[in-house]
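Here is a short note on the structure you sent over. Please read it with the model open.

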Amino acid sequence: MTVVPDVSVVVAVYNTMPYLTECLNSLVKQSIGQDRLQVVAVDDGSTDGSGAELDRFAALYPQTFTVVHQPNSGGPAAPSNRGLEHATGRYVFFIGSDDYLGTEALERLVDAADQWKSDVVAGRMVGVNGRYVPTEVFQTTQQDVDLFDSALPWAVSNTKLFRRELIERHRLRFPEDMRMGSDQPFTIEACLQARRISVLADYDYYYAVKRDDAQNITYRTNWQERLRCAQRLVEYVVTRLDPGVRRDALLRRHFGSEVDKLLRKGFLELDEAAQKQIHTAVRELTVRYLGDRLEAQLPVGTRQRLAVARHGELNDLRKLLRELAEPGGPRVIVDNGRWYRLLPGFRDSRFGLPDSCYDISDKVAGWIRKFTASAVTWRTSDDGNLVLSINARNPWRHLASAGTDAVWISAGDATATVRMVLDEVAGTVAFADFPVSALIEAAPSGRKQLTVRLHTIVGGEESAGFLKLKGRLAAPRRVVRHGNRIYLITPYTNNKARLVISVTGITPRRLVGRLRRLLPSGGK
């Protein structure tokens, strides 16, 4: 009697040594047991010994491994389809041949699918060596996940457990004319047809590895293939779903990821012919499929790039990308409490774009809080009073010219308005002076630690954070007279590098006690 394995793992392989060995070892060590497991590995014309490594594992585990060798097809779609032809398990799981699984991954996935009668189960992914992986959808375990009302569209790789009966009933296969991105139409279609989609966040199931040579197909694909991938993915969605919020949920991912990535800094490194081709293609996609409702759901940076690509000329797009890549932070204008980035298209009648495309008010507070104290010194003010002066720096160069008073620094209840100036090297330098009298009045008991904080107010919303010191503290402690009393004021940083000002009143009793400790034999 033929025993049907619980799960068939399909591995498309092309030149992934030595990562392949760790991948295969993670499969044979699965807690589900080799009697419940089938591994179908398809060597797509490897030239680095990957094919021989597959044959070695097949010799060691003949009841578990099925190895297929074929000429190179140019992408993972064809070997993945060949793997499906040989899969016999109740479920199918796809793994990249440079990735690996947690030891209990398959057992947990199969158990969840059986218990919940799920057709698709996604397990939490972990990035290795700086590899980006989606995280939002894996925050909590969910028996039922809606493709259109969750973060699942941002995690539609095929690295999931699929019920094989679903795959065969709907004849799901990978489009072999897509060198990259072919797993997305496959996964989306499976999710559209699935009775139930589940997510497991209770274990590290899948380890996605960024290779040291950056030769994962995601990192080495050229612009023509990335453009074709973006076009195909958008076209696939619009042919499968009618216009509306469901279609927008998937297109938001494709415009926000594959299409937008075509217009990142690598665009400026291409020759003019390539830039023209990408610009024309992106413009066509946005004109045909990017409606106002969908556009409003995209991040501000994506909206800016797509809007200028749609309404502007190639030179406008180049100028936008150059300015976005400039160091020192964005050029801004503050108007009626809102912060706008001064980029091509802003209030330009040629484009007809709303101000909201350039509104960065929700990001400003975070950027302003990047101030770090660079110096703390004592000085005498113009009116002859002693002040404790704090200099803080922010790499955002254009903050100094924003014309805003939305920043101030406090030490306990004492506050100092910040004066900001531009330093071509350091960025924006803020100066805050605390009169000694204000610090003493903020410590009415004569003994208090005043933590220094940076405050911002943007769009009517106030936020605050600790001001940390970068470098060595320059200001020494200082004994000062205020009225009839003497105080010791000590600036210092705590163990978290936060700037603190200690104010201690020195009474005659304390002074005598201090002198006794300093004198030989305790002052006797």
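The points below take the cysteines and then one strand with its partners.

1. Please keep in mind that this is a predicted model. The values in this note are computed from it.

2. How many disulfides are there? The count is zero. A disulfide is a covalent bond between the sulfur atoms of two cysteines. The cut-off here is 2.5 Å between the sulfur atoms.

3. Why does Cys191 form no such bond? Its closest cysteine sulfur is in Cys229, 17 Å away, which is too far. The same result holds from the other side: for Cys229, the closest cysteine sulfur is that of Cys191, at 17 Å, again too far for a bond.

4. Are these cysteines buried or exposed? Cys191 has a relative accessible area of 6%, so it is buried. Cys229 has a relative accessible area of 4%, so it is buried too.

5. Now to strand β15, residues 407-411. Four of its five residues are buried, so the rest of the structure largely encloses this strand.

6. Which strands pair with β15? One is β19, residues 447-458. The pairing is antiparallel and runs over five bridges. Within it, Trp408 has His455 of β19 as its bridge partner.

7. Another partner is β16, residues 414-417. This pairing is antiparallel as well, with four bridges. Here Ser410 is bridged to Thr415 of β16.

8. Check the turn in the β15 and β16 hairpin. Two residues lie between the strands. Gly412 takes a positive phi near 65° in this hairpin.

Note on methods
Residues are numbered from 1 along each chain as its sequence is written. This is a predicted model: local features need pLDDT of at least 70, side-chain atom pairs count only at pLDDT 80 or more; totals for chains, interfaces and linings use all residues. Side-chain values use heavy atoms; hydrogens and water are left out. Buried means under 20% relative accessible area, exposed over 50%, partly exposed in between (1.4 Å probe, protein chains only). Two strands pair if DSSP finds at least two bridges between them.
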